[in-house]
Amino acid sequence: MVKNLVVFDFDWSFVDQDTDRWVFEVLDTKLRRKLQDRKSAGSQCMPDVVSAGNALSERGRRRRQEREHLGTTHPLPLTARPVSQRADHSDETMEDLFNAGYKKDQVLDALRQLPVHPAMKRAVTNLKNRGETTFLCLSNSNEVYIGTILEKHGLTDLFDQVITNPAKWVGDRLHIGRRLPADGPQHGCTVGCLPNMCKGDELDAWLEAHGGKGSFDKIVYVGDGGNDFCPLLRMREGDLGLVRKNFELEKRIEREGKEKGCKIDVTLWDQAWIVDEVFSKL
């Protein structure tokens with residue numbers, strides 16, 4: 001029997017939403033705007049430094065305390081801290097949500113409203129029930145968001161592992177960290193992964209811990225974003241990328257795939273039923 005590994009990104013791949021934005025869109029438009037402004041002012045992809053003045057701010061001290069809640073290490077020198085990026089923006093806006101009086105149950109209820117397309121649910125459920133397929137999630141969302149959504153839709157046991165950013169409730173405040181804390185060693189990816197995680201390194205490490213690429217007849221990666229490009233470069237000829245049409249990953253493959261040595265087969269999709277159709281033939 002053929003043994004497959006199916007790797008999913010989560011936002012805009014497994015679900016048709018950005019989970020970071022979703023909570024604020026459901027609960028508070030003003031805070032959704034604040035999140036957008038933070039993303040526009042910050043850096044999503046490239047490490048940089050912040051000023052000592054900013055690092056000495058009260059918010060900076062609170063952020064260090066929050067990272068300790070998430071089990072991170074001691075902070076870097078003040079002159080060597082990366083600028084904020086996706087996980088940081090979400091965490092800062094979660095603080096604003098808490099200060100505005102929103103409760104844990106309201107956040108969880110918002111997450112439970114996020115749909116999983118019936119065809120996507122059918123695709124993964126049918127393939128898993130056939131046996132010999134392992135599912136892995138590589139996502140820049142976070143543990144609480146993904147876990148709550150999967151539980152709501154009866155898919156808690158789908159993924160063998162969900163590799164994502166840590167998150168922890170302290171009372172009604174959700175603290176969101178980075179998988180690679182800003183205070184610790186950083187990855188050296190030059191392909192364009194976000195500072196919190198190199199998805200290519202994560203895929204390689206997972207495969208090494210599970211018998212290597214040779215343990216699977218085919219690896220299938222379902223993704224949409226520019227930071228999903230790196231893991232595709234770690235895959236073999238004959239493996240498959242299910243690439244969401246008209247998103248950044250498709251553009252990167254077109255621009256850089258040949259130059260960077262991307263060997264996989266690529267199938268474009270824009271609706272969940274196409275993923276279901278592909279999975280039915282694996």
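User: How many cavities of 30 Å³ or more does a search of the whole structure find?
Analyst: The structure is a predicted model, and the search covers the whole of it rather than one region. Counting cavities of 30 Å³ or more, the search finds 2.

User: Which helix supplies the largest share of the lining of the second largest cavity?
Analyst: The second largest cavity holds about 30 Å³ of space, and its lining is made up of Met94, Leu97, Phe98, Tyr102, Val107, Asp172, Arg173 and Leu174. At least two lining residues come from each of H5 and strand S5 (173-176). The largest share, 3 residues, is supplied by H5.

User: Helix H5 also takes part in a salt bridge through Glu92; how many residues apart are Glu92 and Arg38?
Analyst: The side chains of Glu92 and Arg38 form a salt bridge with an N to O distance of 3.3 Å. Glu92 belongs to helix H5 (residues 86-99) and Arg38 to helix H2 (residues 29-41), so the pair links distant parts of the chain, and the two residues are 54 residues apart.

User: Is Arg38 buried or exposed?
Analyst: The cut-off for a buried residue is under 20% relative accessible area. Arg38 has a relative accessible area of 15%, and its salt-bridge partner Glu92 is buried as well, with a value of 13%. Because 15% falls under that cut-off, Arg38 counts as buried.

User: What distance separates the closest N and O atoms in the salt bridge of Arg38 with Asp96?
Analyst: Both Arg38 and Asp96 are buried. In the salt bridge between Arg38 and Asp96, the closest N and O atoms are separated by 2.7 Å. Since Arg38 lies in helix H2 and Asp96 in helix H5, this pair ties together parts that are 58 residues apart in sequence. The distance asked for, between the closest N and O atoms, is 2.7 Å.

User: Which residues are linked with Arg255 and Glu256 in a network of salt bridges?
Analyst: Arg255 and Glu256 form a salt bridge whose closest N and O atoms are 3.7 Å apart. Arg255 counts as exposed at 51% relative accessibility, whereas Glu256 counts as buried at 15%. The residues linked with this pair in the network are Glu248, Arg252 and Lys260.

User: Why is the sulfur of Cys193 not bonded to the sulfur of Cys189?
Analyst: Cys193 is buried, with a relative accessible area of 4%, and the closest cysteine sulfur to its own is that of Cys189. A disulfide requires the two sulfur atoms to lie within 2.5 Å, and the count of disulfides by this rule is 0. The sulfurs of Cys193 and Cys189 are therefore too far apart for a bond, at 3.8 Å.

User: Which residue joins its side chain to that of Thr19 in a polar contact of 2.9 Å?
Analyst: Thr19 has its place in helix H1 (residues 19-27) and is buried, with a relative accessible area of 0%. Beyond its neighbours within four places in sequence, Thr19 is in contact with residues including Phe10, Arg86, Leu114 and Tyr145. The side chain that makes the polar contact of 2.9 Å with Thr19 is that of Asp11.

User: What distance separates the C-alpha atoms of Phe216 and Lys3?
Analyst: Phe216 lies in the loop between helix H9 (199-209) and strand S6 (218-223), and it is buried, with a relative accessible area of 5%. Leaving aside neighbours within four places in sequence, the residues in contact with Phe216 include Lys3, Asn4, Leu5 and Trp206. Although Phe216 and Lys3 are 213 residues apart along the chain, their C-alpha atoms are separated by 5.3 Å.

Definitions and conventions. Residues numbered from 1 in each chain as written. Predicted model: local features only at pLDDT ≥ 70, side-chain atom pairs only at ≥ 80, totals over all residues. Heavy atoms only, no water. Helix = DSSP H or I, 4+ residues; strand = E, 2+ residues; numbered from the N terminus. Buried < 20%, exposed > 50% of the residue type's maximum accessible area, 1.4 Å probe, protein only. Contact = heavy atoms within 4.5 Å. Polar contact = N/O pair within 3.5 Å; in protein donor to acceptor, adjacent residues only side chain to side chain. Salt bridge = Lys/Arg side-chain N within 4 Å of Asp/Glu carboxyl O. 1 Å grid on protein atoms, 1.4 Å probe; cavity = no way out; pocket = protein on both sides within 12 Å on 5 of 7 lines; lining within 4 Å. Points joined across faces, edges and corners; volume = space filled by probe spheres on them.
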